[in-house]
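Biologist: Could you take me through the ligand site in this model? I'd like a close look at that one part, and then whatever else you can tell me about the helices and loops in the rest of the chain.

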Amino acid sequence: MMTPSDVKATLSFSDGSPAMELPIYKGSIGPDVIDIRKLYAQTGKFTYDPGFLSTASCNSTITYIDGDKGELLYRGYPIEQLATQCDFLETCFLLLKGELPNLQQKHDFVKLVTNHTMVNEQMQFFLRGFRRDAHPMAVLTGLVGGLSAFYHDSTDINNPVHREISAIRLIAKLPTLVAMAYKYGIGQPYIYPKNSLSYSANFMRMMFATPCEDYEPNDVIVRAIDRIFILHADHEQNASTSTVRLCGSSGTNPFAAIAAGVACLWGPAHGGANEAALNMLEDIQKNGGVDKIGEFIKQVKDKNSGTKLMGFGHRVYKNYDPRAKLMRETCHEVLDALGLGNDPLFKLAMALEKIALEDEYFVARKLYPNVDFYSGIVQRAIGIPVSLFTAIFALARTVGWIAQLNEMIGDPEYKIGRPRQLYVGSPRRDVKAISQR
Ligand code: SDX
């Protein structure tokens, strides 16, 4: 709920232009906002905020982050409690509907999702258009966008029933599509969903079973992937969520808007960082391991090297990302349970974290491990190939994108997003005939 503050902001100009009073609104927790919606109409000026470091693009009831405290709440529930006391589909229900499900609601929701896990048989022929060595995120961007070609009965984003159906279809089908992208890349036949399995067990089976040999995922692995899904489910107005909101604001169908989010998440500064972080750890391991950490850190601190400590730093968290802590705990549990407690990469990651957190360069810039630093180690331990890490992130984040998209579309005041600019290009000039250029 946006509550007008008693405090107002006054904007005055040193050239004597008329001052302007700007209302301030309070949320339930977190920073207040200064409402500048009338600024351009009244002053002929825009605000200027590339990267939106000081800009609230919307009001939302879904996810709250306190970057200084390292706090993350989904609909008010701390991520630490959801990750240890709930499963991913309960979290999906919470993000979509605002409350955790009771037993009956959970039963009905799980059944609904389970019954939508198959994809149209034509999708397998769509896949055949890709090279076998295509990156899974290239394939997934195409497949998710391609869903809009199959489900004309749920593409009207302004129809609440369509939004409900497409939400279930996307949550249910993403695991099937990610597993298909994986199987296609390794030249194995697709494995159909099995309705008797849980959401996460079904995903692992579609990934690793073959027609010749079934796959019984053990509880540790299923719990680990389910927790990875929960930790990645939503994260306020991050780059890919803002992409989905802006894309959806044109009235395009939900599948196209989510495909835009997949494309944005792929970037190494965003969801692609988990793949990049694991590749970084493997490179350090290859070039000498723990003994070479000092040299690597030196490289990172040398701006000319262009080297970043992948999985570290965050636009909002200027403290430890609470998801990274939970992911590190999951690392310990999974590696111990799988007898990989001495995994050299995990030891290297912890050594690297310790050194970085004691180094003034990182301390001064408040650079801490983020969700991507340890997630790759857990995924690698349970058999997920590195190239699929970001696709797993997209699978999990789909529910957050949908919840945010539906919140925007459900707001009667929403408009198509259309930022402006500060133009610094050439003033008006006339074209000369080519002979005179
Ligand atoms: C995700 O927004 C979200 O919520 C995203 C996400 C989600 O759930 O949706 O949390 C998921 O994307 C996590 C972030 C994953 N990305 C990485 O791990 C890639 C490495 N991180 C950086 O690229 C960076 O930290 C960002 C992009 C995440 C944040 O960058 P900012 O906020 O724009 O900060 P910045 O680039 O201005 O950095 C401030 C300073 C700079 O140094 P100075 O110019 O002040 O000297 O810190 C340095 C940067 O060079 N810096 C790093 C660094 N991150 C920032 N230096 C080395 N290694 C890093 N990782």
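Modeller: Let's start with His235: one of its polar side-chain atoms sits 2.6 Å from an oxygen atom of the ligand. Bear in mind that this is a predicted model. His314 makes a similar approach, with a polar side-chain atom 2.6 Å from a ligand oxygen. For Lys303, the distance from an N or O atom of the side chain to an oxygen atom of the ligand is 2.8 Å. Taken on its own, the ligand has 1,000 Å² of accessible area, and the protein covers 75% of that.

What about the rest of the shell? There are 24 residues around the ligand, and the ones that come nearest are His235, His314, Arg315, Arg323 and Arg397. By character, the shell splits into ten nonpolar, seven polar and seven charged residues.

Arg397 is a handy way out of the site, since H18 has a kink of about 40 degrees centred on that residue. So one of the residues that come nearest to the ligand is also the centre of the kink in H18. How does the end-to-end span of H18 look, then? Helix H18 covers residues 389-409, and at 1.5 Å a residue its 21 residues should span 30 Å; the end C-alpha atoms are 30 Å apart, so the two agree. H18 is also largely enclosed by the rest of the structure, because 20 of its 21 residues are buried.

Next to His235 in the numbering is Glu236, which belongs to the loop between helix H9 (219-231) and helix H10 (239-248). Its backbone is worth a glance: most residues other than glycine have a negative phi. Glu236, though, has a positive phi, near 60 degrees, and is not a glycine. With a relative accessible area of 26%, Glu236 is partly exposed. Phe52 does something along those lines, with a positive phi of about 55 degrees although it isn't a glycine either. You'll find Phe52 in the loop between helix H1 (39-43) and strand E4 (63-66). Phe52 counts as exposed, at 56% relative accessibility, because the cut-off for exposed is over 50%.

Now for a loop residue that is buried: Asp321, in the loop between helix H13 (293-301) and helix H14 (322-337). Its relative accessible area is 0%, so it falls well within the buried class, which is under 20%. What does its side chain contact? A polar atom of the Asp321 side chain lies 3.0 Å from the backbone nitrogen of Val371.

Then there's H7, which is another helix with a bend. Helix H7 takes in residues 160-186. Its 27 residues should span 39 Å at 1.5 Å a residue, and the end C-alpha atoms are 39 Å apart, so that agrees too. H7 bends by about 35 degrees at Lys173, with a proline, Pro175, following within four residues. At the start of H7, a side-chain oxygen of Asn159 comes to within 2.8 Å of the backbone nitrogen of Val161. Just past the other end, Gly187 has a positive phi of about 75 degrees. H7 is mostly covered, with 21 of its 27 residues buried. Leu170, in H7, is one that counts as buried, at 0% relative accessibility. Measure out from there in space and Ile377 is 27 Å away, C-alpha to C-alpha, with the two positions 207 residues apart in sequence.

H3 is worth setting beside it. This helix runs over residues 88-97, and eight of its ten residues are buried, so the rest of the structure largely encloses it. The buried ones are Phe88, Leu89, Glu90, Thr91, Cys92, Phe93, Leu94 and Leu95. Asp87 caps the N-terminal end of H3, with a side-chain oxygen 3.2 Å from the backbone nitrogen of Leu89. Just after H3 comes Gly98, with a positive phi of about 95 degrees.

One last stop is Ile284, in helix H12 (residues 273-286). Ile284 is buried, with a relative accessible area of 5%. Its C-alpha atom is 10.0 Å from that of Ala349, and the two residues are 65 apart along the chain.

Methods
Residues are numbered from 1 along each chain as its sequence is written. This is a predicted model: local features need pLDDT of at least 70, side-chain atom pairs count only at pLDDT 80 or more; totals for chains, interfaces and linings use all residues. Side-chain values use heavy atoms; hydrogens and water are left out. Helices (H or I, at least four residues) and strands (E, at least two) are DSSP runs, numbered from the N terminus. The expected span of a helix is 1.5 Å times one less than its number of residues. The bend at a residue is the angle between axes fitted to the seven residues ending there and the seven starting there. Buried means under 20% relative accessible area, exposed over 50%, partly exposed in between (1.4 Å probe, protein chains only). A residue is near a molecule or strand if one of its heavy atoms lies within 4 Å of it. A polar contact is a pair of N or O atoms within 3.5 Å; within protein, one must be able to donate a hydrogen and the other to accept it, and residues adjacent in sequence count only if both atoms are side-chain atoms. Accessible areas come from the Shrake-Rupley method with a 1.4 Å probe; for residues, only the protein chains shown count as cover. Ala, Val, Leu, Ile, Met, Phe, Trp, Tyr, Cys and Pro count as nonpolar, Asp, Glu, Lys and Arg as charged, and the others, Gly among them, as polar.
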